[in-house]
Structures are given as structure tokens and as C-alpha cells.
Amino acid sequence: MPGTLLVVDDEQANLDSLERVFTREGYRVLLAAKGETALTLLRDEPVDVVLTDLMMPGMSGQELLRAVKAVAPEAETVLMTAYGTVEAAVSAMKDGAYDFLTKPLKRHAVLKSVAQALEKRRLVQENRQLRARLAGGTTSIVGQSPALRSTLDLIAQAAPSSATVLLLGESGTGKELFARAVHDHSGRAQAPFVPINCAAIPETILESELFGYERGAFTGAVQRKEGRFERANGGTLFLDEVGELTLPMQVKLLRVLQEGEIERLGGTGAIKVDCRVVAATNQDLTARVREGKFREDLFYRLNVIQVVLPPLRDREGDVPLLADHFVARFAAKNGKPMRGLTAAAQQALAAYTWPGNVRELENAIERAVVLSRNPEIDLSDLPEQVRAGGPNLRAGAPGGLAGQAMQALIEGRTLTVPLGTTLDEIELRVILETLRHANEDKNLAAQLLKISVRTIYRKLNREKE
Ligand SMILES: Nc1ncnc2c1ncn2[C@@H]1O[C@H](COP(=O)(O)OP(=O)(O)OP(=O)(O)O)[C@@H](O)[C@H]1O
Ligand SMILES: [Mg+2]
């Protein structure tokens with residue numbers, strides 16, 4: 001059945017003929033001779049499309065339209081109007097009518113208009129369902145702000161296709177979370193989601209990680225290894241921190257994306273791979289293209305659907321929702337029953353600008369849950385910078401930190417190192433300490449230390465060796 005149609009007209013002959021036309025097409029048809037009856041029907045029955053006359057005694061079509069928007073906002077409305085009342089119909093369109101038809105009606109025109117209204121209704125509904133699933137799924141994306149909602153809408157639309165998605169946004173805004181959401185809501189959800197952090201893996205290893213190698217390809221290649229592209233076959237490959245790729249690696253990646261096939265190191269033939277690529281970076285890629293640090297052709301190949309994640313400070317009303325979400329999560333994790341936050345703590349969270357975005361909030365709440373001696377998190381359980389209202393780190397300095405703000409972050413914190421400590425050791429301690437103050441945000445720490453993110457990863461990895 002295509003859907004349920006409610007026809008409203010004060011002339012019985014019109015009702016009869018429209019009923020016949022639409023019943024024959026398989027519609028379920030409801031009839032009302034006046035607006036008031038139509039509204040009663042709308043309250044009791046699910047209606048997809050309302051087809052109403054404009055000029056009727058009592059409630060006019062336009063008044064009915066406004067009432068429909070209030071009682072059944074999901075229903076689409078198509079207006080029928082006689083010549084000479086077209087102006088009223090146009091103003092009704094501004095009130096949200098889907099279409100208007102002039103009388104005398106032509107059968108094919110009215111069928112077409114109603115079918116299109118129905119299609120729109122279906123798309124809106126589908127979109128909403130997807131959004132609800134996105135919001136409630138395992139990935140659990142929390143937030144209600146208009147900025148987050150429009151991002152979710154975009155993700156919901158993009159997810160089912162195989163189009164490459166480029167996620168842009170500051171550190172901690174949820175790029176990885178959204179990358180997983182794209183995968184989870186695509187037809188590839190049952191196949192693997194394979195992330196690779198392009199900054200964390202040393203360049204020399206990155207190539208073999210991505211493409212794999214054959215036995216004997218280099219010293220130490222004792223057996224054949226599948227690359228991440230192959231592992232992601234049928235699924236999604238998540239290229240995190242893609243802005244950190246070196247130019248030679250960019251060339252290799254571009255070739256694979258263009259040809260849809262890879263070659264293992266030391267291999268002799270090309271292997272077809274079918275993976276959807278989602279890439280993320282907190283770098284300004286357009287600027288890097290301009291500076292010659294990122295290939296323009298690769299940028300365009302990745303930038304098919306661009307999704308910019310809003311920073312937390314632009315997501316009005318989301319801080320309390322996220323805070324509650326994290327309190328519940330960390331209370332459960334730590335086996336500590338928590339009621340929530342005191343009014344003072346809530347105010348402090350709302351006033352702070354969250355340069356480290358959701359991750360910083362998450363860390364602050366985890367720490368507070370652990371520290372708190374009461375079932376309610378109080379001001380004193382929150383990190384110093386949050387209590388103090390915090391330095392407005394990113395204000396006026398998009399894409400980079402103002403020197404003054406950097407100072408604010410490290411001000412008053414010192415590191416005492418005994419004489420005789422090796423330089424390597426000092427370097428490592430400074431990096432670890434900076435990371436701690438930057439809420440483990442590697443990008444922020446890199447900016448503070450004036451080194452690259454890649455260098456931070458390298459030094460940290462050396463520690464593990
Ligand atoms: N809307 C959200 N709802 C719930 N949790 C969120 C939301 N956004 C982010 N998070 C959580 O915040 C943390 C940081 O998110 P994520 O790692 O996806 O950020 P990112 O943008 O990849 O950061 P970076 O650029 O530093 O890598 C994660 O623990 C994630 O689960
Ligand atoms: Mg990330």
C-alpha cells in the first residue's frame with residue numbers, strides 16, 4: 001500500500017471522484033467534508049498526506065494546514081485551489097504546504113503530486129529513524145544541539161552509500177566516534193572496521209601496515225602479512241590523522257584509492273580491494289594543500305562528503321547532557337553510585353570553553369567521579385582550569401593557539417629534574433607532563449611543545465621499546 005491519504009473538500013462530488021482515483025492506485029483513503037472533521041480524523045489515524053481544498057466554509061484550507069502542522073507535523077499537505085486564489089495557495093506554501101494544484105484537477109497531476117509528497121514523507125521518516133538509531137546505537141552519540149543534529153543528519157545521509165567521508169574537527173570532538181557510526185550504519189556494518197592512525201605509525205612501517213607484504217620482501221619478513229586495506233575488504237578503512245601522511249605516502253595512497261587495488265610489498269600482482277574509506281584530521285587540510293604539504297588530488301579524492309564536527313563550545317546545551325552521560329558511565333565503571341552534579345559544578349561546566357572538547361569533558365568527569373567523596377560531584381572535584389572559568393584557549397585563534405593562551409595552560413606548573421638526568425629522559429618527562437596538562441590531547445601538546453604530533457608518538461613509542 002502506498003500510504004494513507006486524507007481528502008478534505010466541501011463538495012461531495014469531488015470527494016467521491018478523488019476517493020475512486022486513489023483507491024484504485026492502492027491508497028487507503030479517508031474523507032472529510034470540512035476542516036474540523038479532518039482534524040478529528042488526524043488525531044486518531046496515522047495519515048501520510050492531506051489533500052485539501054483551499055476555499056471551504058468554516059475552517060479554510062490554510063487554517064487546516066496550520067492545524068495539521070501542529071497535530072500531525074509528519075504529514076505532508078497538498079492544496080487544491082480554484083483559479084483566482086493562487087496567491088492564497090502561494091502563501092500557504094510558505095506555511096509549509098508541499099504543493100498546490102489548480103482546479104479543475106487533472107488525474108495524472110494530482111496522482112503525481114500526492115505520490116511525491118508521500119515520497120518526501122518517507123524520506124523524512126527514514127532520516128529520523130536513522131538519526132534515532134545513530135543517537136541510540138552502540139556508539140551512543142550524545143547531544144541535542146542544533147549543530148550536532150545537523151552533523152548527525154549529514155552522517156545519516158552519507159552512511160548507507162560507499163562514498164568517502166572526510167571528518168574534520170578539533171581534537172576530541174568525536175571524529176573517531178563518528179567514523180564508527182558511519183560504518184555501523186552502512187551496509188558494511190557486518191564486515192570489519194579497520195582503523196589506522198597515520199601519525200602514530202612510523203613512516204617506514206606505515207606502508208607495509210597499509211598494504212601488507214610477501215614473505216622475504218625485506219629482512220625480517222619471515223611470513224606473508226596482510227595489510228589493513230586487505231583486512232578492511234568489504235568493510236571500512238579509517239585513516240585517522242590523515243593530514244600527517246608524508247608526501248610519498250600520499251602518492252601511494254592516492255594510487256590505491258584511484259585503482260581500487262593494492263600490491264603487497266615484494267608482491268608480484270595487484271589485489272582488488274573493496275573498502276570504504278573514512279578519513280579524519282584536525283588539521284586545516286586546505287591550508288596544507290596551499291602550503292604544498294598535502295596533495296590537492298588526494299584531498300579531492302578524500303573530500304567527497306565533508307563532515308565538520310562542531311567544537312563543544314558551539315554545541316549549546318550539550319555539556320550537561322554529556323556530563324550526565326559520563327557520570328553514569330564512570331559511576332558504573334567504578335562501582336560508585338552517583339547522583340549527578342551540584343548546581344555549582346554544573347555552572348562551572350557550562351561556563352568553561354572546553355578547548356579539548358568532549359574528550360576533555362570526559363576526562364574531567366572521570367577524574368571527578370573517582371575523587372568525589374559524595375554522591376554528587378561538587379565544584380572542588382573539578383579540574384583547576386574548569387573551576388577557574390578556564391583560559392579561553394582557542395578564542396580568536398582558529399587552527400592554532402594564541403601564544404598567550406599557551407602560556408595560560410602551562411603557567412604555574414614546573415617540572416623539577418635532578419641534575420644528571422639524561423636529555424632523553426628530560427624530554428620524555430616534559431612530553432608526558434605536557435600531555436597530562438593537555439588532557440592527553442596529543443595535538444594540543446604538540447602545539448605547546450612546538451613539535452609535530454608524529455614526534456610525540458615517536459618519543460612515546462621509544463619509551464615502550
Ligand atoms: N557526542 C558524543 N557523545 C558521547 N561521547 C562522545 C561524543 N563525542 C565524543 N565522545 C567521546 O569523547 C572522546 C573523544 O572522541 P574521539 O576520540 O572520537 O575524538 P577525536 O575527534 O577523534 O579526537 P582527536 O582529534 O584528538 O583524535 C571519546 O571517548 C568519545 O567516545
Ligand atoms: Mg581521533
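**Exercise 1. Burial and overall form**

Determine what percentage of the 465 residues in the chain is buried, and how the radius of gyration stands against that of a compact globule of 465 residues.

*Solution.* In this predicted model, buried residues account for 35% of the 465 residues in the chain. For the second step, a compact globule of 465 residues would be expected to have a radius of gyration near 23 Å, whereas the chain has 29 Å. Along the principal axes, the C-alpha atoms occupy a box of roughly 100 × 65 × 45 Å. The domain assignment divides the chain into domain 1 (4-124), domain 2 (146-308), domain 3 (312-387) and domain 4 (403-464), and the C-alpha centres of domain 1 and domain 2 are 48 Å apart.

**Exercise 2. The nonpolar cores**

Identify which residues have the most contacts inside the largest nonpolar core, and decide between which domains this core lies.

*Solution.* The largest nonpolar core contains 50 residues, and Ile155, Leu167 and Val182 are those with the most contacts inside it. Helix H6 (residues 146-158) supplies the largest share of this core, namely five residues. Because domain 2 (146-308) and domain 4 (403-464) both contribute residues, this core lies between them. Turning to one of its residues, and setting aside neighbours within four places in sequence, Leu167 is in contact with Lys175, Phe178, Ala179, Val278, Ala280, Val307 and Leu309. A second, separate core of 31 residues has Leu5, Phe22, Leu54 and Val78 among its members.

**Exercise 3. The shell around ligand 1**

Establish which residues are closest to ligand 1, and explain why ligand 1 is placed between two domains.

*Solution.* Of the 19 residues that surround ligand 1, the closest are Ser171, Gly174, Lys175, Glu176 and Val358. The elements giving two or more residues to this shell are helix H7 (175-184) and helix H15 (357-371). By residue type, the shell divides into five nonpolar, nine polar and five charged residues. Since domain 2 (146-308) and domain 3 (312-387) both give residues to the shell, ligand 1 lies between them.

**Exercise 4. Helix H19**

Work out whether helix H19 (residues 442-449) is mostly covered or mostly uncovered, and state what phi Lys450 takes just after H19.

*Solution.* Taking 20 or more other C-beta atoms within 10 Å as the criterion for a buried residue, one finds that seven of the eight residues of H19 are buried, and the helix is therefore mostly covered. The buried residues are Lys442, Asn443, Leu444, Ala445, Ala446, Gln447 and Leu448. Just beyond H19, Lys450 adopts a positive phi of about 55°.

Notes: Residues numbered from 1 in each chain as written. Chains lettered and ligands numbered in written order. Predicted model: local features only at pLDDT ≥ 70, side-chain atom pairs only at ≥ 80, totals over all residues. Rg over C-alpha atoms; globule rule 2.2 N^0.38 Å. Buried ≥ 20, exposed ≤ 12 C-beta atoms within 10 Å, placed from the backbone. Near = placed C-beta within 6 Å. Helix = DSSP H or I, 4+ residues; strand = E, 2+ residues; numbered from the N terminus. Nonpolar A, V, L, I, M, F, W, Y, C, P; charged D, E, K, R; others polar. Domains from an automatic or database assignment. Core = buried A, V, L, I, M, F, W, Y, C linked by C-beta atoms within 7 Å. Contact = placed C-beta atoms within 7 Å.
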